[in-house]
Amino acid sequence: MFKNKSYTWINIFGLSFSIAAIILLVLYLQFEFSFDKFHQNKDEIYRIAVRSFHEGVNEGETHVFVAPVGVDLKKEFPEVENYTRYSYPRKMFVIIDEQVRKIKRTIYADSTFFELFSFDVLAGDKQRFLQKPFSIVLTEKTANQLFGTTDVLGRTLLDNQKKAYTVTGIVREPPRNSSVQFDALVSFSTLYKTPDKYMGWNGGNQYITFIQLKKGISASRFSKKLPGFFWEHINKDLAQVNVKYEAYLQPLKDIHLKYDVGYNKIYFFGIIGLLIWFIAMFNFVNLSMAYYSKRSAAIAVRKTLGADRKAIMWQFLSETALLVFISIVLGMVLAYLLTPYYKNLMQADFYGIDFSRFSFWVILLGIWLLTSLLSGFYPAVYLSKLPVNKLFKNHVVHQKKHFSLQNSLIILQFMVAVSLVIFTLVIRQQLQYINHKDVGYQREQMLIIPLPNEEAGKKTALIKQKLRKISGIAGITASSDVPGNNFTSNGYFLEGFDTPAMIHVLNVDADFLKTYGIEIQKGRNFSEDYLSDKQAFLVNETLSKKYGDQLGKVIKRDGKHPVIGVVKDFNFASLRESIAPLIIAQNSSENSYEVLSVKLKTNDYQSLIKEIEKTWHRINPEWAFEYSFLDEQFEQVYRSDFNTMQLFTYFSILAILIATMGLFSLSALSIEQRRKEIGIRKVLGASIADIIRLISKKYLIMVLIANLLIWPVLYKLVSAWLETFANRIELSVSFFILGGLLSLLVALLSVGIKSVQIAVQNPVESLRYE
């Protein structure tokens, strides 16, 4: 086996890289499927999710809903053992030793939170430490970051609005395979002591509710009671405006894969990894068949001397197992080195290779046995059953059939390689299109500064006045959000309509359109010269197209709002979505905003940002200063797509390399077997081009067949992926032609190198070789 080094190392190269991909894939899948399995009562815990309907049309679903759902379910149904609620994580700024510190992920959580979820408690009474308002529980890491110790029970934290919180517990960080992540928890009862928090059934959709059913209670049977429950509490009042909510239960153990991430991503990358693995094994089988044809005489001698079929099979399988073992060792090293990059590409902090874990060795053993059997079984069975006379005549792989196993495997190899190449080309082109598309607003050189609290939100006029004095700033505006984040929605009564419409809304100041370069299509912008503009609305073109021209009309919600202008459409959400109707309002209630957008006119960002930070702290030293750039936020929205493109690029290169090296070795072995024939053809007058054509024709036809077979399937798959974008490129035939030409070129080069070598050789040498 090791006498033919090129054959051996080509097999090891292909198998080791594919096994590294499989090891990483298995570690990733093992991590994904382990989510939330550590909770003690996982089988009885369910998340409440809600579908919303308007005039019978499903307008979407969410697991973020109003606060009282769990409370009333526990009151009214004995089947409910317990419930808990928590909010989405938000940043919290606290003051310690006169310094502002940030807690990155803070959630408001019920006192029952640790009764449902099995997180490790290090200090405090989990039954009571989230009962009282303004109680806070810290993770071990957060406590050490803030105080340098975990011995902090009873200590007080001040937030940047001077509210005092008492530390009542310390818990271990949530495991990485937990759907719920936090750095600190504030008691949910705090929200009831906070002004302007709507905690009833008519409140905002801001809270996530879990219930625990009693053991033995059927979730499907209990779900049938939810329509009546929702009718009494909310749907009865909404029926007059043709709005309805429909609740259902999401099992805790299914939440991550089925509802949050989706199985599609798992299937997608799983199939890619398996295809790479199959390519390497196809390569192995083909090369084994071709290589063993050179050893057919030795096999025949062994059979003549009495070796039975089992002994021959065992020889082939043991050689295969040894090669696979070497490949696994190299694959482990590669997987270990590539783990950080793979984590980044998959956007998953899965557990890496841990040699102390028994499950890792079980997985490795499984990969070794499966790869050895799948790669070595067919060559072992086929070669061991051949009669001695055929082995002596070297009739091992000289099959006249056009669709032999060898040819079929080459075609399958290139079908996979071509698929990856074409998919990579399409993804790259689509992401370039997104990156350069005119989204209707200026996102370059736009600095985004979150306003840390309500006080800062109410003082935006003062902040803008101070910052305008800094050279290098072209414009400043305050708003409730920034484009690209898919603005919140509310119900509005449009003039001429009897039922409310759910419409996205953005609260801005009068400088928003100018700062972002958004154009007015007709009418006018907000003006500080008109006090009445505090109640006025702007709408986008899409709203006018869907509901008719609204300019000069009145929209009702908490009063009457005249429409004074129509803005040109801009993509305020992901480019996967079509532009939806939008209302732009001035926040007339309290002039409270969430974010500042600062348009820069200099390339010396660092100096300018330092100057902005100094001015910021001169206004209020206790305000935390954070910033980001809008174009970076825009890129982050499509980060998973860019990572997918990179992953496809790497897999495409690997697939092409494996297929090419296999084809090179296969053609080289084939040429060795036909050396005499080639020598005779040259003596009879065949040119170098004739010899190259003779050898290459077969392989090029197989690559062409691979393209023609995979194109229709690939067209449907790529079209389905592109349809996830409302803004997308046209799927041109040029992608398929380019991928096909690339595969043909690679095949021609891999076969052509050896073909040229034999074609230019003196035919006497070829005949003497025989």
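## Positive surface patch

Helix α18, residues 605-619, supplies three residues to a positive patch, the largest share of that patch. The model described here is predicted. The patch is formed on the surface by Lys466, Lys469, Lys610, Lys614 and Arg618.

One of these residues, Lys466, lies in helix α15, which runs over residues 460-467. Its relative accessibility is 34%, so Lys466 counts as partly exposed. The partly exposed class lies between under 20% for buried and over 50% for exposed. Patch residues need over 30% relative accessible area and no salt bridge.

## Helix α21 and the residue after it

Which residues of helix α21 are buried? In this helix, residues 675-683, they are Arg675, Ile678, Gly679 and Lys682. They sit on the same side of α21, because the arc they cover around the axis is only 100 degrees. An α-helix has 3.6 residues a turn, so residues three or four places apart point the same way.

Gly685 comes just after α21 and takes a positive phi of about 110 degrees.

## The chain as a whole

The secondary structure of the chain consists of 24 helices and 24 strands. Its C-alpha trace spans about 100 × 60 × 55 Å along the principal axes. The chain has 770 residues, of which 51% count as buried.

Definitions and conventions: Residues are numbered from 1 along each chain as its sequence is written. This is a predicted model: local features need pLDDT of at least 70, side-chain atom pairs count only at pLDDT 80 or more; totals for chains, interfaces and linings use all residues. Side-chain values use heavy atoms; hydrogens and water are left out. Patches are made of residues with over 30% relative accessible area and no salt bridge: like charges are joined within 9 Å, nonpolar side chains (Val, Leu, Ile, Met, Phe, Trp, Tyr) within 5 Å. Accessible areas come from the Shrake-Rupley method with a 1.4 Å probe; for residues, only the protein chains shown count as cover. A salt bridge is a side-chain nitrogen of Lys or Arg within 4 Å of a carboxyl oxygen of Asp or Glu. Lys and Arg count as positive and Asp and Glu as negative; His and the chain ends are not counted. The place of a charge is taken as NZ of Lys, CZ of Arg, CG of Asp or CD of Glu. Helices (H or I, at least four residues) and strands (E, at least two) are DSSP runs, numbered from the N terminus. Buried means under 20% relative accessible area, exposed over 50%, partly exposed in between (1.4 Å probe, protein chains only). The arc is that of the directions from the helix axis to the C-beta atoms.
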